[in-house]
Amino acid sequence: MPPLRNATLTLLLLAGSLVSAGAAETPLPDAIAAPGETVVLSVLAEGAQVYECKAGADGKLAWAFREPIATLLADGKTVGRHYAGPNWEHSDGSAVVGKVAASVPGAAPNDIPWLKLEVVSRRGSGILSGVTTVQRINTRGGKLDGTCDKAGSFSSAPYSADYVFLRKVERQG
């Protein structure tokens, strides 16, 4: 292996293990674990979960989840955004769209669930381009309680969460 490629690979592996170390501090329930995948990026999201007042199957009005709106932060700096889809967009132009594969309850009653999302589409060629799974963990807030009395009205609940972006490990040989 050429020395430069070897050094680059070593740095990437080291960086990955440092990011993994931070994410590894949170023990994950089996339902949302991603065995055989490695961490590409871990970020903090600060934002809101937006809800719309809609009639349920029973005809009664209730708050229904509409979309997230959040800023993605790494080391205190904005590195992207999270919005309806669900989409995660990095400042380097790469983005992924996920679909919920598994869910477990949040730690407190007003915390939205922890999720494992399968990436169903991607765009761009940056850091998120190889991501196959997204985990939402360490959620705080985001659930909206109470009744709504006007169909079509909106409300939001502040939340924060850690999003961990993973990719499947390619086997050599």
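In the predicted model, a salt bridge joins Arg81 and Glu89, with 3.3 Å between the closest N and O atoms. Arg81 has a relative accessible area of 41% and is therefore partly exposed, since this value lies between the 20% and 50% limits. Glu89 is also assigned to the partly exposed class, at 21% relative accessibility.

Over the whole structure, the search returns five salt bridges. One of them is formed by Lys168 and Glu37, whose closest N and O atoms are 3.9 Å apart. This pair connects distant parts of the chain, as Lys168 belongs to strand 8 and Glu37 to strand 1, with their positions 131 residues apart in sequence. Glu37 counts as buried because its relative accessibility is 18%, against a limit of under 20% for that class.

A further salt bridge is found between the side chains of Glu52 and Arg66, with an N to O distance of 3.2 Å. Here too distant parts of the chain are linked: Glu52 lies in strand 1 and Arg66 in strand 2, 14 residues apart. The relative accessibility of Glu52 is 14%, so this residue counts as buried. Arg66, in turn, counts as partly exposed, with a relative accessibility of 44%. Glu52 and Arg66 are also members of a salt-bridge network that includes Glu67.

The largest nonpolar core contains 21 residues. Those touching the most other members are Trp88, Val96, Val134, Tyr163 and Phe165. At least two residues of this core come from each of strand 1, strand 2, strand 6 and strand 8. The greatest contribution, five residues, is made by strand 8. Another core, of nine residues, lies apart from the largest one and includes Ile32, Ala34, Val39 and Ile137.

The surroundings of Phe165 were examined with neighbours within four places in sequence left aside. On this basis, Phe165 is in contact with Thr38, Val39, Val40, Leu41 and Val43, among others. The remaining contacts of Phe165 are Trp88, Val96, Leu128, Val131, Thr133 and Val134. Trp88, Val96 and Val134 are also listed with Phe165 among the core residues that touch the most other members.

The second largest pocket encloses about 260 Å³ of space. Its lining consists of 20 residues, and those nearest the pocket centre are Gln49, Phe65, Pro68, Leu115 and Arg136. Two or more lining residues are supplied by each of strand 1 (37-55), strand 2 (61-74), strand 6 (114-123) and strand 8 (154-168). Strand 2 gives the most, with four residues. Classified by residue type, the lining comprises 13 nonpolar, three polar and four charged residues.

Lys150 is located in the loop that connects strand 7 (133-141) and strand 8. The relative accessibility of Lys150 is 57%, which means that Lys150 counts as exposed, the limit for this class being over 50%. With neighbours within four places in sequence excluded, the contacts of Lys150 are Cys53 and Leu61. Lys150 and Ala62 are separated by 88 residues in sequence, whereas their C-alpha atoms are 9.4 Å apart in space.

Key:
Residues are numbered from 1 along each chain as its sequence is written. This is a predicted model: local features need pLDDT of at least 70, side-chain atom pairs count only at pLDDT 80 or more; totals for chains, interfaces and linings use all residues. Side-chain values use heavy atoms; hydrogens and water are left out. On a 1 Å grid over the protein atoms alone, a cavity is a set of points where a 1.4 Å probe fits but cannot get out, and a pocket is an open set with protein on both sides within 12 Å along at least five of seven lines; lining residues have an atom within 4 Å of a point. Grid points are joined across faces, edges and corners, and a volume is the space filled by probe spheres set on the points. Ala, Val, Leu, Ile, Met, Phe, Trp, Tyr, Cys and Pro count as nonpolar, Asp, Glu, Lys and Arg as charged, and the others, Gly among them, as polar. A nonpolar core is a set of buried Ala, Val, Leu, Ile, Met, Phe, Trp, Tyr and Cys residues joined through side-chain atoms within 4.5 Å. Buried means under 20% relative accessible area, exposed over 50%, partly exposed in between (1.4 Å probe, protein chains only). Contact means heavy atoms within 4.5 Å. A salt bridge is a side-chain nitrogen of Lys or Arg within 4 Å of a carboxyl oxygen of Asp or Glu.
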